[in-house]
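Dear colleague,

Please find the structure below, handed over for your records. My notes on its cavities and backbone follow it.

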Amino acid sequence: MKEIIRITVGLTVSCLIAALLMGSVFIVTDKAKKHNEHVNIQRAMLGLLGYTRGHPAPPDLRLYTMYRYIIEDGAIRTLGYMLPVVKGEHGGYQLVVIDLDGQFVNRFKLNITPEKVSEASERASAIKAVLKPPKTFVYSDSTIVAKLGQKRLAYLLPGKFPGFKTFIDVMLAIDPSFKIIGLEIMEQEEDPGLGAEINQDYFKNQFKEKSFEKIKKINVTKEPLPEEYKKYLETKKGRDFPLPKGVVDTIRSKYQDKDIYALTGATISSQAVTNGVKNMIRKFAYRINRLDSVISRQHIPVAF
Amino acid sequence: MPATTKTNFQLVSNGILNDNPIFRLALSMCPAVGISTTVMNGIMLGIAVLFVQVFSSCTIALIKDHIHPRIRIPTYTLTIATWVTVIDLVLAAYMPAAYKEMGIFVKLIVAFAIITMRLEVFACKNSVPASFWDGIGMGLGFMAGMVAIGFVRELLGMGTILGYDVLGFRPLLFFVLPAAGFFCVGIMMAMFNYMELVYNRKKKG
Amino acid sequence: MKILGRKYLLLNILLIICLFLIGGCKPEHRFVKKTAFKDTNKIVIEFAGPVDETWAKNRSNYTACEKPDPDIRLKIIDVSLSADKKKATLVFADDLNKNQPHVVTATKISSEGKSLGTAILNVKKFYLGYLFSILIGAMIINNFVFTKYLGLCVFFGVSQKKSTAVGMGITFTLVIVASAMMSWFIYQFVLQPYRLDFLQIVVFIGLVSLSVQAVDTILRKVNPLLFKAFGVYLVLVIANCIIIAVPLILADNEYNAWESLMLSLGAGLGFLIALFLMSSVRERLELANVPPTYRGLPIAFVLAGLFALSFLGFSGMSIF
């Protein structure tokens, strides 16, 4: 009996010590983790826009995030856009509700500060405060609008689509005419050496500078990637062999309207990325046009 | 086994050479096959294992007199799981890129036979400093094995070392493929066996 | 006879599960019996009775979209009606993404002159098929030993003889299903709601030890004969990383109970398959003349490499 008590007490004490240790480490690291994630995404976004450490972003560059929700009221479904508005009027965020045909329905001001807006739970409680109970809503996606001075510089679209094995997580940058500025693969679990090559410059840089007209019907070709084009795609970052200026321009115009060259041994992964990018841009272009017309008709003082 | 009489240096070198966890004891093979595609992965996981091994060894050596023999194994498991959780949280927070690369294997350190074995065989019978050096030796031995496999696979598969382009071309893409880990480990084990054979023959003759 | 009875019991349980799952997939309108995907770009709607041809063939009576994108309507280029007027097939301009559930709205369904109101129909892939694909996925396509490189220590340790391999495989499957379901339950109802997910490693390893101990005790009491055959392997189960990897994967992917059951069952059976294949080859290998430096583990690794290469052929395959 005495032994049992000794064992129980010993185990309880060691469990307590272990829990205390893990708990304190968790509290310390959790903040750092969130901060680092935020910094990483920020850096990826700036990188896509062409700002690196050696070439920092100008001080008047602003990134605004808008969030899209699907609102359900019984059988009727509407879209809710959570938009940042100019400070002064109400400041902060507004929820603009648009029906499925692109007509304005309603708008609400939300009680949320810009510091808290990146937390999903904070956003949900702010929206819950303005939408009356039978209505339910689910988060759908978000878009980041980059603004330089007074004009829109680019849209940054985070996206996720099925690849060959699991999901591919990407960040896409397009300019206001929906031309691609850049593509970054954030997360993927394709086969190393095969599908994982989508992360290489010579694949993802092929998407750069494709126009909206081209991207609408872009496809994948199984032809081998020409050597000069590969060199061009890889020098974009400014390392290794720099190409003379004249050559760069001729190669760019030569391949601008070509299809995407598939990776050797990973056609399906290449196809998945191409289709994913195509669908993302098509849907986004359709939505932003409708949203912009509502914004201008209703005179919503959006920040971007 | 009575308390060890080896010097600290012998303890460390024992872990790296005679009792190398990967090539000699053939324990904890999963990461050696799974994520040994690059040298960097080997170093990162090696550091994580070193950390868990050293801290667990020291913890057990410190409290060895208070552990009831009946709950020995659960105590070991709890100790290892605690330290694995700590390193997991730290890596996830401060090195997200490397952590993502290693995936589930950091958490799986908890199931590595090598760590439990060292606690059972060594740390519960020796002093804290000796256990510390033994843990360092085992951790370094594991790291050395991982780095050796990673070196071969990265050089032959991608033509790079630690991400720097060394060869300028890719000799055998096959070595990056996940399945090649098995071949690599098998062939390297055979090479170790061969060297031992030659060494013994020389000693005799 | 007794074994036969048990088999029937198992079959009955499976049947009940199937019925339950099929019953869960019914569309929401009383006049619509079934909706399903067909080919790459078609959706079939089956009505309970005949519908009016003029209504059914009018494309503007239908709208369709993917569930997460209700504002982007998919273009319907044709509607055809079967001879008995009970089955309408919608043909779309582009291929459908079948991984997403679709929503089809049929306005003012008209049957024999009567209006039956508007139906909002969910079109999904067959759920049972999805479960089955998880099972096969974990078992073969993403086999834990040959494509994820887990559980290798035990794998090389017990794959020398066919009989031990099968024994280990069966024991392992039993324990992994039990422990994975327990871990799933604890994770979903305790760790996640109270934001304690950083404790998952400690909790999962504890549950694994617990279930090993439980299976050990129960087997010893209930069936000593079986215990004699399989008891030895129970100790080894805990040294296998798959058993701790599966709960971690379940926690990461937020699977529900059925999906968790399928994944853990698939992981166990996949380990059994891998062990059986490997042991068959290693038994044959004993008769071969292997160079002395390769004897034992090295040649086993090369063999496993060959298996892994052939399993690479399954990579990315999708069923249903």
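The notes below begin with conventions and then turn to the findings.

This is a predicted model, in which local features need pLDDT of at least 70 and side-chain atom pairs count only at pLDDT 80 or more, while totals for chains, interfaces and linings use all residues. Residues are numbered from 1 along each chain as its sequence is written, chains are lettered from A and ligands numbered from 1 in the order in which they are written, and side-chain values use heavy atoms, without hydrogens and water.

**Cavities.** On a 1 Å grid over the protein atoms alone, a cavity is a set of points where a 1.4 Å probe fits but cannot get out; points are joined across faces, edges and corners, and a volume is the space filled by probe spheres set on them. There are 4 cavities of 30 Å³ or more, and the largest holds about 90 Å³. It is lined by 12 residues (an atom within 4 Å of a point), of which A:K208, A:E209, A:Y229, A:Y232 and A:R252 are the closest to its centre. Two elements of chain A, α5 (227-235) and α6 (245-255), each give two or more residues to this lining; helices are DSSP runs (H or I, at least four residues) and strands likewise (E, at least two), numbered from the N terminus. The most comes from α5(A), with 3 residues.

**Backbone.** Most residues other than glycine have a negative phi. A:F178, in the loop between β7 (167-174) and β8 (180-187) of chain A, has a positive phi near 65° and is buried (under 20% relative accessible area, 1.4 Å probe, protein chains only), at 8%. A:H299, in the segment after α7 (267-298) of chain A, has a positive phi near 50° and is exposed (over 50%), at 64%.

With kind regards

Methods:
On a 1 Å grid over the protein atoms alone, a cavity is a set of points where a 1.4 Å probe fits but cannot get out, and a pocket is an open set with protein on both sides within 12 Å along at least five of seven lines; lining residues have an atom within 4 Å of a point.
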